[in-house]
Amino acid sequence: ANEDVVPVSELKAAQQRIKELERALGRKTMEVEISRMPCIAGLPALQAARDEIKKRFFTENRGMQRGF
């Protein structure tokens, strides 16, 4: 086998670093998901507001449709 030999201490250090990076990535992923939550939670309210605006517009304009 023509493989390079690495000291066990370097291997363990590299494995530890990988674990640290995986944890950091997991934390960042959670931060992104949490930051998106208000957007997702607010979506029904935005849709309801849009529907109300469309209803008022069509009522005021005797049903003439415009692009929404």
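## Exercises on a one-helix model

The protein exposes about 6,600 Å², and carbon and sulfur atoms supply 59% of this area (accessible areas come from the Shrake-Rupley method with a 1.4 Å probe; for residues, only the protein chains shown count as cover). This is a predicted model, in which local features need pLDDT of at least 70 and side-chain atom pairs count only at pLDDT 80 or more, while totals for chains, interfaces and linings use all residues. Residues are numbered from 1 along each chain as its sequence is written, and side-chain values use heavy atoms, with hydrogens and water left out.

**Exercise 1.** Find how many helices and strands the protein has, and what share of its residues is buried.

*Solution.* Start with the secondary structure: there are 1 helix and 0 strands (DSSP runs numbered from the N terminus; helices are H or I with at least four residues, strands are E with at least two). Next, turn to burial: buried residues make up 0% of the 68 residues (buried means under 20% relative accessible area, exposed over 50%, partly exposed in between, with a 1.4 Å probe and protein chains only).

**Exercise 2.** Work out how E20 and R17 are placed in the helix, and how they pair.

*Solution.* First, the contact: E20 and R17 form a salt bridge, with their closest N and O atoms 3.4 Å apart (a side-chain nitrogen of Lys or Arg within 4 Å of a carboxyl oxygen of Asp or Glu). Then the spacing: both sit in helix α1 (residues 8-60), and because they are 3 residues apart, about one helical turn separates them. Last, accessibility: E20 is partly exposed at 33%, and R17 is partly exposed at 46%.

**Exercise 3.** Count the salt bridges in the whole structure, then describe those of E31 and R50.

*Solution.* A search of the whole structure gives 3 salt bridges. One of them joins E31 to K28 at 3.5 Å, N to O. E31 and K28 lie in helix α1, 3 residues apart, about one turn of the helix. E31 has a relative accessible area of 46%, so it counts as partly exposed. R50 and D51 also meet in a salt bridge, at 3.4 Å from N to O. Here R50 is partly exposed at 44%, and D51 is partly exposed at 41%.

**Exercise 4.** Which residues make the nonpolar surface patch of about 340 Å²?

*Solution.* The patch is made by M30, I34 and M37 (patches are made of residues with over 30% relative accessible area and no salt bridge; like charges are joined within 9 Å, nonpolar side chains, namely Val, Leu, Ile, Met, Phe, Trp and Tyr, within 5 Å). Now look at I34: it lies in helix α1 and is exposed, with a relative accessible area of 56%.
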